[in-house]
Amino acid sequence: MRPASRRVVLKGAATAGLTAAGLTAAGAGTAPAASMASTASTASTASTAGDDRPRNVTARMGGTSVTLSVAHGVLSWSARRGGRTVVAASALGLRLDDGTVLGRDVRVTRERHRTRRTTWTPAYGRNATVTDHYQEQRWDLTDRASGIRFGVQVRAYRTGVALRYLLLDQGTATIADELTTFVFPDGTTVYSARDENAYEPVAPGSLPVTGTATTDNGPLTDLPLTATLPGGLIACVCESSRVMYPRLMLGSVPGEPNTLSAFLMEHTARGTGPVETATTVTTPFATPWRAVVIGATHAELVDNAELVLNLAPPNALSDTAWIKPGKVFRCELTTAAGLQGVDFAVARGLEYIEYDAGWYGPEFSTPDATRPITAIDLPSVVSYATSRGIGVVLYVNRLALTDADSLFALYKGWGVRGIKLGFINDGTRTMTDRIIDWARTAARYELLIDMHDDVRPFGYERTYPNWISLEGVRGNEQFPTATHNVTLPFARNIGGPMDYTICYGQSRDRTTNAHQMAMAAVYYQPLNFLFWYDKPSKYTNPANWPGLPWFNAVPVTWDESRTLAGAIGEYVAVARRNGSTWYLGAMTNEASRTLSLPLSFLGGGTWTATVYADGTPGANPYQTPVVVGTRTVTADGTLDMAMAPAGGQAVVLKPG
């Protein structure tokens, strides 16, 4: 629990617009004709100054509801799904730097509600179109002691709920703390992870104490944070539209075993740079959305992840035709390796090659990312790659980003297509601003951007779709357990795209090769690094690697996605369609299992299924062979998917 004297205050100015329907953070841009259909209704009611009755308002959509309450001047909120509690009565409020607490003695001055339904087309994603359908309730409030005007918005979607605060007065405000809590039902388990640690299932009140003397320290967890609830419900707490604000963590509350409380970061995740304890925002101002994605089943949770995008600002780019998701191969740091990498990318159906750390020298002692090392003739590699339709991505450590505008302009002139930023220090409000500025600047020079290390998603791949991926996870290059891998679809990947570096054919893998193959369909990762740690020469004889045709063919973005089965930490099966072809991936933890999956998502007629399955288990999972077979299936049938311990299956389904 944070000490009472703690102050996290937001620096800088926020531009925000107040409309009749709500307050929208500025800097978001406008969507270029993204909406295909829209329906909306709004209403507003003014309250009398002396109205102190306890009151509630509820937003409802598709069996999901979120309720705002005030009793004796104290604000709270709660959420339900299908009549069952997801979040019990929980605190709301903000603490200002002068000690004022907004939310503990308030008067409701105005009540507004609206229902809105639109559809929009992302530049790329899990689905070709996204439906944004919600009911919203908003209270305008006055703090009795100070007279400060503020508000709370809540939204109910079929897929979950969301809330945020609005500071309504003209001028400035300093926010010292956010007092939002999440009170879960008895028997809840949360999956806690910080930085690049593995997930740990614990009770909400038992988060492990983490951090160092130079970081935020305490019983804290990063977002997304997944909770399994009694009765089979599952929920994932995320944030969206984090603009001019520090990153949110959640912390256990002593003496309250089912409660997690908001914690605004003072330090960067890696503990470098200044500690931010006092900042001012220009008002009106909207805080980030606190979203709870909800699934009646674990599988449904995965399919509801687009809630985070619906809460984010629309696409700010007028032209996205140049943004090309794809598969990437990392090359060794020589000219010859780059040229060979290009040929390998062409042969294997990849879109990009990448030069990683070291291409301009030791990344922590050479902060000049404008000069390749002598071993790399970068103009020759870029020219050759461009002639063969392959893009080049360059890694850049944050220390070399003293002038991102000049550096990105230089890379654009070189013909580079993307940048992978390393050791990003997410956490403070300053770093939030910087991250968004890097994405915006990269877009100006038509560069993709992939941010690495402990960066956490907040929906801005919708706003700047050139921000194509980020890490913020214990990565596959660390050879985690199969249990970790089948936790991620229900946790980190709910928040946004995930750079996870598939390690097919590695002897250090703790999974089967079919398990690694299935990742390409199970995870949403629109910039997908394949064959991590490998050289092209490893695959000179493709007959030794039966999984290669799968990687040649599998896309990275989709027209339709369906999660067919799943249980966090146990197993998952996801089917995704690109054009007329479906790609199905299934993965299990260290237990062998067979999933019987209905194929009702297929269209009519017969379909040819090419199945890449685990063979007879080897002494170690990575030694389990991949067995390839074909069969004819229909939408009326099922597909039995047998998986070895730490195994998986990958299936291509084509009509005819």
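# Close-up views of a predicted model

**View 1. A salt bridge joins the side chains of Arg 456 and Asp 222, with 3.5 Å between N and O.** Arg 456 is found in the loop between β30 (448-451) and α7 (460-463), and Asp 222 in the loop between β19 (218-221) and β20 (225-228), so the contact ties together parts of the chain that are 234 residues apart in sequence. Both partners are withdrawn from the surface of this predicted model, Arg 456 being buried at 4% relative accessibility and Asp 222 being buried at 1%. The pair also belongs to a network of salt bridges that links Glu 178, Asp 222, Glu 239, Arg 242, Arg 247, Arg 290, Asp 426, Asp 454 and Arg 456.

**View 2. Arg 81 and Glu 300 form a salt bridge through their side chains, at an N to O distance of 3.0 Å.** The two residues come from distant parts of the chain, 219 residues apart, with Arg 81 in strand β6 (residues 74-81) and Glu 300 in helix α1 (residues 298-303). Arg 81 counts as buried, at 9% relative accessibility, whereas Glu 300 is partly exposed, with a relative accessible area of 21%. A search of the whole structure finds 33 salt bridges, and the pair shown here is one of them.

**View 3. Asp 559 and Arg 577 are joined by a salt bridge in which the closest N and O atoms are 4.0 Å apart.** Asp 559 belongs to the loop between α11 (548-553) and β33 (560-567), while Arg 577 belongs to strand β34 (residues 571-578), so that the bridge ties together parts lying 18 residues apart in sequence. Each side of the pair is partly exposed, with a relative accessible area of 31% for Asp 559 and a relative accessibility of 22% for Arg 577.

**View 4. Cys 236 and Cys 238 have their sulfur atoms 3.8 Å apart, too far for a bond.** The cysteine sulfur closest to that of Cys 238 is the one in Cys 236, and the converse holds for Cys 236, whose closest cysteine sulfur is in Cys 238. Because a disulfide requires the two sulfur atoms to be within 2.5 Å, the distance of 3.8 Å rules out a bond between these residues, and the count for the model comes to 0 disulfides. Both cysteines are buried, with relative accessible areas of 0% for Cys 236 and 2% for Cys 238.

**View 5. Strand β13 (residues 160-173) is largely enclosed by the rest of the structure, because 10 of its 14 residues are buried.** Strand β12 (residues 149-157) runs antiparallel to β13 and is joined to it by 8 bridges, with Arg 155 standing opposite Ala 162 in β13. These two strands, β12 and β13, form a hairpin with 2 residues between them. Strand β25 (residues 289-295) pairs with β13 in the antiparallel sense over 4 bridges, and here the bridge partner of Leu 163 is Arg 290 in β25. Strand β24 (residues 281-286), also antiparallel to β13, is joined to it by 5 bridges, with Phe 285 in β24 as the bridge partner of Leu 167. Arg 290, seen in this view as a residue of β25, is also a member of the salt-bridge network introduced in View 1.

**View 6. Three strands form an open sheet in the order β9-β8-β14, with antiparallel pairing.** The edge strands are β9 (101-102) and β14 (175-178), each of which pairs on one side only. Strand β8 (residues 94-96) and β14 run antiparallel and are joined by 3 bridges, with Glu 178 in β14 as the bridge partner of Leu 94. Glu 178 is, in addition, one of the residues linked in the network of salt bridges that includes Asp 222 and Arg 456.

**View 7. Helix α4 (residues 378-387) has four buried residues, namely Leu 378, Val 381, Val 382 and Ala 385.** Seen down the axis of α4, these residues fall within an arc of 95°, so they line one face of the helix. The cover over the buried residues of α4 includes α3 (335-348), β27 (352-355), β28 (391-397) and α5 (404-414). The face of α4 turned away from its buried side carries the exposed residues Pro 379 and Ser 387. The helix is followed by Gly 389, which has a positive phi, near 75°.

Methods:
Residues are numbered from 1 along each chain as its sequence is written. This is a predicted model: local features need pLDDT of at least 70, side-chain atom pairs count only at pLDDT 80 or more; totals for chains, interfaces and linings use all residues. Side-chain values use heavy atoms; hydrogens and water are left out. Buried means under 20% relative accessible area, exposed over 50%, partly exposed in between (1.4 Å probe, protein chains only). Two strands pair if DSSP finds at least two bridges between them. The arc is that of the directions from the helix axis to the C-beta atoms. Contact means heavy atoms within 4.5 Å.
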